[in-house]
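Me: I should like a close look at a single part of this structure, set in the context of its chain. Please give the cut-offs behind each term.

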Amino acid sequence: MSPLLLFHLAALLLLAFGLYGLTSRRTLVGMLISVELMLNGAGLALVASARLTPASDELGQLGALLVMGLAAAEATLVLAMVLVAVKRYGTSDSDRLSELKG
Amino acid sequence: MEHLAYAAYGFYLVLILVGGWAAVRCRSLVRALLGLIMTLFGVAGMYFLMAAPFLALMQIMIYVGAVSVLIFFAIMLTRAPGGEAGAEDGGSRPALRTVMALLSGLLPAGILAAVILTKTPQALPLKAEVPLGRLGQILTGPYVLAFELISVVLLAAMAGAVVLGFERRKGA
């Protein structure tokens, strides 16, 4: 197996873990953790493709850096949203947050 | 030398496997967060293995240093009154939910794995390490717009978080 394939399989593993967690977790914070797993997989795949194929090396690394920045922004916002949800409904259980109020 | 690289890859893969398993399966969210941190270190090790040390250090700084602290705050601030911090609703974890989650995780990953296993491009030997100065030149030269936009996004996210926080306090 080529190194490129090995790194891509590791990234796929992260994607599978993230999707599994996103579906099976009940709390919003648990789902946030799963999303971070998936974003990490995306970054890993980007960098592996940039380093081990003829693609532009610098662009791949900078893309992974932007993914990290977006993940940080996303975590900040999700933290605030989870806090608002908990304040308003007293729970962060996604099963109990399923009602819309008109 | 090559065997050493494969051994390092195996070690990082084990870190990712064990950490990811803990991150999605542990009842306690604090343990799940520890699993996430373990996975992040594994991915950082893989960046080192690909001779991208700048990204590996950024991964440790941004993810382990900032994002996981944020998630820890979220865990601690959302504890149920009287309950232990970060415990997921124990009780029942219906088997159907687990099966569905397994399906939703394995199906896309399986399809993608089939694609990359059948159509894997020829891997080049590792290129020379990109000097940090070159990355900085590209980021502030032709791609300065992306650089500025990500700062605007971060600023907007922070402002939004502050606004949400204020609203929360006013309603209390």
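The reply below concerns one helix and its surroundings.

Reply: This is a predicted model, in which local features need pLDDT of at least 70, side-chain atom pairs count only at pLDDT 80 or more, and totals for chains, interfaces and linings use all residues. Residues are numbered from 1 along each chain as its sequence is written, while chains are lettered from A and ligands numbered from 1 in the order in which they are written.

The part chosen is α1(B), which has 24 residues. From first C-alpha to last, α1(B) reaches 34 Å, close to the 34 Å expected at 1.5 Å a residue (1.5 Å times one less than the number of residues). Helices (H or I, at least four residues) and strands (E, at least two) are DSSP runs, numbered from the N terminus.

Buried residues of α1(B) are B:Tyr12, B:Ile16, B:Gly19, B:Gly20, B:Ala23 and B:Val24; a residue is buried if 20 or more other C-beta atoms, placed from the backbone, lie within 10 Å of its own. These buried residues pack against α2 of chain B and, in chain A, against α1 (3-24) and α2 (28-52).

As for the context, chain B has 6 helices and 0 strands, and 23% of its 172 residues count as buried. The contact between the chains takes 64 residues from chain A and 70 residues from chain B, two residues being in contact if their C-beta atoms, placed from the backbone, lie within 7 Å. On the side of chain B that touches chain A, α1 (2-25) is one of the helices that each supply at least two residues.

Methods. A residue is buried if 20 or more other C-beta atoms lie within 10 Å of its own, exposed if 12 or fewer, and partly exposed in between; C-beta atoms are placed from the backbone.
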